[in-house]
Amino acid sequence: MLKRLLPLLLITLTACSSRPGSDVNGHLLTNIRPDGTKLFVFTSDRGLRLPELSGLSKPSRHKRTRDRRDYVRAAIEDSLDIKLEKTGFCRKGFLPLGHFIERGRFEIRGECNESATKEDRLKFSQHSLDLYH
């Protein structure tokens with residue numbers, strides 16, 4: 001039985017470790033309001049190297065730019081999903097409130113679908129920032 005499960009476990013671990021967004025490093029800044037609303041900003045440092053397009057053909061300049069933008073945005077969103085999953089901040093998903101992606105920088109703002117629990121307040125209030133003044 002263990003011999004059958006081991007290959008499956010290895011495949012699963014390999015698949016998880018090779019998610020495209022795992023190359024994008026970002027910081028998750030959190031805020032829990034008194035009414036229980038959970039807000040976050042996922043942002044990069046200045047000068048961040050965003051993921052490169054590899055293996056794409058060289059179509060027209062406009063199409064290539066659009067493909068790169070879509071690829072980078074997908075990688076950043078995947079990285080955000082990974083960060084939210086690891087921290088447990090938005091367990092039931094989130095509503096995007098805004099985003100921007102520029103050369104070497106990005107920011108995604110959002111509101112969690114669930115309200116803060118007592119555990120959330122204990123876990124995240126120590127490092128909470130005053131977002132959305």
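The questions and answers below concern confidence, strand pairing and the nonpolar core in a predicted model.

Residues are numbered from 1 along each chain as its sequence is written. In this predicted model local features need pLDDT of at least 70, side-chain atom pairs count only at pLDDT 80 or more, and totals for chains, interfaces and linings use all residues, while side-chain values use heavy atoms, with hydrogens and water left out.

Reader: Which element of the chain has the lowest mean pLDDT?
Author: The pLDDT is the predictor's confidence in each residue, from 0 to 100, and the chain averages 75. Elements are DSSP runs numbered from the N terminus, helices (H or I) having at least four residues and strands (E) at least two. Strand S2 (residues 38-43) has the highest mean, 94, and the lowest, 39, belongs to helix H1 (residues 2-17).

Reader: How many bridges join S1 and S2?
Author: The two strands form a hairpin with five residues between them, and Gly36 in the turn has a positive phi of about 95°. Two strands pair if DSSP finds at least two bridges between them. S1 and S2 pair in the antiparallel sense, and their bridges number six.

Reader: Which element gives the most residues to the largest nonpolar core?
Author: Such a core is a set of buried (under 20% relative accessible area, 1.4 Å probe, protein chains only) Ala, Val, Leu, Ile, Met, Phe, Trp, Tyr and Cys residues joined through side-chain atoms within 4.5 Å. The largest has 17 residues, and S1 (27-32), S2, H2 (61-87) and S4 (105-112) each supply at least two. With five residues, the element that gives the most is H2.

Terms used
Buried < 20%, exposed > 50% of the residue type's maximum accessible area, 1.4 Å probe, protein only.
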